[in-house]
Every structure is written in C-alpha cells, then in structure tokens.
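Colleague: Got a minute to go through this one with me? I'd like to start with the strands.

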Amino acid sequence: MAVDDKNERYFVSCSKPPKLVIIDSTKLEIIDEVALSGPADVMAYDSTLNRAFVCNDDKPELWVIDPAAKTILNTLTMPGAGMEDLGIDDKSAYLYQCLKDSNELVQVDIKGLKVVTNWPTAPVEKPHGLAMVPDTDNVLVVGGNGKLGLMSQTSGQVLSSTDIAPKVDEIAYDPGLKRVYCASGTGVISVVTLDGGKLTPLAPLTSSPGAHSIAVDTQTHTVWIVFAKDGKPYVQAFTKK
C-alpha cells in the first residue's frame, strides 16, 4: 500500500481479484478501482506526478497508473525477474526496484517512463527490502543472505555493508534516529545505525517467527510489525526507551 497525504487517499494493490484500490483515508471508504491484468505485489506512489507504480507478481513488469484517469498509462518491462521492494527519490525523478533473481537494483526514469540502468547489489544477494535515505544520494537495500547495503543512487556503487539476520524481507528507515530496522522471518529485527555513510549493527530486537512486514513512525520513533500466529493476525509495537 501507499499513502497520498495531500489528497487524503490510500492506495492498495490486490492480487485476487487483480486491481488497484483507492480509499478515502478520512472515511475509510473505497472511492475508485483500477483493473490490472495480473496479480499485484508491492507498490509506490509519487505525489508530485500523481502516479502509482505497481509490481506484477507473475511477470517482470511495472504498471504505471494514473489514479485520476483510472487507467494504466504504461507497462515497463524489467531487465530481470524476481521483482521485490521499490522506492522513489526526493526529486520525483527516479524509481529504484530490487530484482532478487538477478541480484540487481534497477533505476527507472519515472517522467520518461523508461529503465535507465541496472546495478549489481553484491555482497547483498536476493535483494528484497529497500528504503530511501531522505536528503541524500543513497538507498538502502537488504538481501535474504543476511546482508544490508548502502548504495549510491547516482553510481550504483555499494558504499557500505554489514551483516544482519538472514531471511529479511522488508526494512524501515528512521531518519531522525538514523536507524535501519530489518524484519527477519527468523523472529528478530536487526537494528543498524547509519552514520557518515557507514552501517553499524546494534543489538537486535526479539519479534515473532515469520514477521517480515515492518514500518516506523518517524515522529514517535515507534516500530511496527504485523504477523500471523496460530491462524490469527497480530500487530506489535516497539517503542524507544
């Protein structure tokens, strides 16, 4: 899902049936839907261009959607399979997409609607989670192999890397504390500081096995996870002492 604060909307990508759902964030009511040609996975939204970017969960394709016109403007084909997390830079110029099967980070021109280049993420393998670092030229990428990397948005160079727990899916970055939270399905959250372009691991947090969805409230610095246990859904908060 993605949030449009300006227009008070939530965007939710759905697999069954495949569609993008647009929700009024104040009334929590569905106001529009955009049909998709396949099951959807992760997505991102850019408020400057008013464009939603949704990943096809079956094919290496990225749908570019105009929410106002309720239509797919373009379908971009990625130079590799295994599309995972994505993010957009501060200038609304480029989108960055993880490709786990080819161990690459793809740069997409979101105004020209074209793939610009793709960079290797080594030593990060099977890249899944991604987080933009605001007011910098950097992006954080995490691999299922237990590696977190800091990459340049301009050159694609891996500037720093560190060991974390394996089997991490999503990550969240708190710019106020300069901390990266990495949710591992093994039941821990790896915590890493980002200072002066260097990644340094801190003591991990104990979470729940299978928990891999994570978010951080950058005002209160509360970290949230969601997970399933014994067939029931749960949400858990971690607060800074």
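Modeller: Sure. A word on terms: strands here are DSSP runs of E, at least two residues, numbered from the N terminus. Keep in mind that this is a predicted model.

Colleague: Fine. Where is the place of Thr162?

Modeller: Thr162 sits in strand S16, residues 158-163.

Colleague: Is Thr162 buried or exposed?

Modeller: Buried. Its relative accessible area is 10%, and the cut-off for buried is under 20%.

Colleague: What is Thr162 in contact with, leaving aside neighbours within four places in sequence?

Modeller: Gly146, Lys147 and Leu148 are on the list, along with Val192, Leu199 and Pro201.

Colleague: New topic. How many aromatic pairs does a search of the whole structure find?

Modeller: Three. One of them is Tyr96 with Trp119, and that pair is stacked: 6.5 Å centre to centre, with 20 degrees between the planes.

Colleague: Which parts of the chain does that pair link?

Modeller: Distant ones. Tyr96 is in strand S10 (residues 94-99) and Trp119 in strand S12 (residues 114-120), 23 residues apart.

Colleague: Why does Tyr96 count as buried?

Modeller: Because its relative accessibility is 1%. Trp119 is buried too, with a relative accessible area of 10%.

Colleague: Got another pair for me?

Modeller: Phe227 and Tyr234. They are stacked, 5.6 Å centre to centre, with 20 degrees between the planes.

Colleague: And Tyr234, what does it count as?

Modeller: Tyr234 counts as partly exposed, at 38% relative accessibility. Phe227 is buried, with a relative accessible area of 14%.

Methods:
Residues are numbered from 1 along each chain as its sequence is written. This is a predicted model: local features need pLDDT of at least 70, side-chain atom pairs count only at pLDDT 80 or more; totals for chains, interfaces and linings use all residues. Side-chain values use heavy atoms; hydrogens and water are left out. Rings of Phe, Tyr and Trp (its six-membered ring) pair if their centres lie within 6.5 Å; planes under 30 degrees apart count as stacked, over 60 as edge-to-face and the rest as tilted. Helices (H or I, at least four residues) and strands (E, at least two) are DSSP runs, numbered from the N terminus. Buried means under 20% relative accessible area, exposed over 50%, partly exposed in between (1.4 Å probe, protein chains only). Contact means heavy atoms within 4.5 Å.
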